[in-house]
Amino acid sequence: MNGREFSSGLKAGTSIAVGYFPIALTFGLLAKTTGLSLIEAVAMSIFVYAGAAQYISLSLITAGVAPAVIVLNTFIVNIRHFLMTAALNEKMQPDDRWKKALYAFGITDESFSVLATQKGNKLSTAFAVGVIVIAYGSWVIFTAIGHLIGANLPQFLQASMSIALYAMFVGLLVPSMRGNRKVVSLALIAGAVNSLFYFTEWLSTGWAIMVSTLASAIFIEWISRKGVAH
Amino acid sequence: MGSWYWWMILGMAVVTYIPRAIPLAFLEGKELPQTLQNVLRNIPYAVLGALIFPAIFFIQENIWYGVIGAIAAFGIAFTGANVMIVVLGSIAVLAVLSLII
């Protein structure tokens with residue numbers, strides 16, 4: 001493992017750790033009010049490690065929904081990662097299959113975004129592990145702290161920190177947008193289609209993100225091929 | 001919670017892990033058709049668009065948090081600041097806002 005690559009991965013993942021802090025803290029708190037013990041709450045963050053699905057599971061537990069349905073719902077919410085890891089595979093340096101299968105566990109919307117938008121050619125395994133370790137560490141540790149202190153951040157801080165992950169996505173997107181109409185179109189079309197799904201409630205969030213991403217990525221590829229052909 | 005909880009965690013862990021692991025483990029060393037590669041290369045920017053819109057506007061019940069947060073994030077990002085500055089700067093703008101509101 002290359003130590004330099006690993007620590008630049010840690011550095012690149014710091015904004016995820018900051019963004020996870022309020023969300024994990026609130027998850028720990030909500031888990032407690034749902035009746036989960038500290039061990040049970042932290043175990044979910046350790047083994048499942050998927051923010052949206054974890055939040056939804058809490059409300060489904062409260063509603064008394066059957067565990068099998070909660071598992072199925074988790075699958076539906078997280079199937080979008082299939083698309084992300086397929087895309088990420090093009091960006092990663094070749095490595096042993098078991099190593100890739102191991103760090104695949106740490107791919108979330110956020111770690112994917114940070115990894116996939118890195119400049120330069122192929123990314124090393126060590127860099128990916130660095131990004132994942134700091135993000136995962138933040139998620140697990142702040143879940144525990146949220147449960148332990150059993151109180152939320154002061155309201156003004158809670159409200160203002162809820163922008164963190166979205167600000168991170170913006171901060172990752174904008175540098176690639178500058179002077180690149182293709183990137184701008186990709187993001188705007190996906191965002192517009194996703195907004196359509198959101199307001200019409202035609203698809204649940206997990207599917208909506210996946211379908212709008214695919215639609216935009218395929219459409220832009222189709223357009224640019226036509227451009228080349230003519 | 002009873003033992004069902006632990007079975008549920010196991011199930012959630014498995015169904016979350018599978019979509020993450022299959023492409024990375026099984027596409028290793030495979031050369032995909034060029035068109036598919038191009039589509040996959042488009043995915044990161046499309047994903048970011050879908051992750052940002054429209055959710056960024058609904059971070060709080062009061063829509064102004066989302067609107068002003070979005071303006072702050074894009075504004076700071078367009079100055080060329082790095083990601084961490086965009087994150088901390090947007091938080092700071094909203095912290096000031098919430099002290100005013």
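**View 1. The transmembrane annotation on chain A of this predicted model**. An unreviewed UniProt entry puts the label "transmembrane region" on residues 12-31, 64-83, 126-150, 156-174, 183-200 and 206-224 of chain A. Two of these stretches are worth zooming in on. Take residues 12-31 of chain A: the span is 95% helix and 0% strand, and 29 Å separates its end C-alpha atoms. Then there's 156-174 of chain A, with 89% helix and 0% strand and 27 Å between the end C-alpha atoms.

**View 2. Chain A, helix after helix**. If you're hunting for strands in chain A, the count is 0, against 13 helices. Walk along the sequence and the pattern reads α-α-α-α-α-α-α-α-α-α-α-α-α. With a radius of gyration of 19 Å, close to the 17 Å that the globule rule gives for 230 residues, chain A is as compact as a globular protein of that length. Its C-alpha atoms fit a box of roughly 65 × 50 × 40 Å along the principal axes.

**View 3. Inside chain A: burial and contacts**. Of the 230 residues in chain A, 50% are buried. Now look at contacts in chain A between residues at least 6 apart in sequence: 79% of them join residues at least 24 apart.

**View 4. Where chain A meets chain B**. Here 77 residues of chain A are in contact with 61 residues of chain B. Helix α11 (residues 164-177) of chain A supplies the largest share of chain A's side, 11 residues. Sort that side of chain A by class and you get 49 nonpolar, 22 polar and 6 charged residues.

**View 5. The largest nonpolar core, with residues from chains A and B**. This core has 106 residues, and the ones with the most contacts inside it are A:Tyr166, A:Phe169, A:Val170 and B:Ala73. Helix α11(A) shows up again, giving the most to the core with 11 residues. Domain 1 (3-164) and domain 2 (179-230) of chain A each put in at least three residues.

**View 6. Close in on A:Phe169**. This residue is among those with the most contacts inside the largest nonpolar core. Which residues does A:Phe169 touch, once its neighbours within four places in sequence are set aside? In chain A the partner is A:Ser113, while chain B brings B:Leu48, B:Leu51 and B:Ile52.

Notes:
Residues are numbered from 1 along each chain as its sequence is written. Chains are lettered from A and ligands numbered from 1 in the order in which they are written. This is a predicted model: local features need pLDDT of at least 70, side-chain atom pairs count only at pLDDT 80 or more; totals for chains, interfaces and linings use all residues. Two residues are in contact if their C-beta atoms, placed from the backbone, lie within 7 Å. Helices (H or I, at least four residues) and strands (E, at least two) are DSSP runs, numbered from the N terminus. Ala, Val, Leu, Ile, Met, Phe, Trp, Tyr, Cys and Pro count as nonpolar, Asp, Glu, Lys and Arg as charged, and the others, Gly among them, as polar. The radius of gyration is taken over C-alpha atoms; the globule rule is 2.2 Å times the number of residues to the power 0.38. A residue is buried if 20 or more other C-beta atoms lie within 10 Å of its own, exposed if 12 or fewer, and partly exposed in between; C-beta atoms are placed from the backbone. A nonpolar core is a set of buried Ala, Val, Leu, Ile, Met, Phe, Trp, Tyr and Cys residues joined through C-beta atoms within 7 Å. Domain bounds come from an automatic or database domain assignment. UniProt positions are given in the numbering used here, feature names are shortened, and annotations may be inferred rather than shown by experiment.
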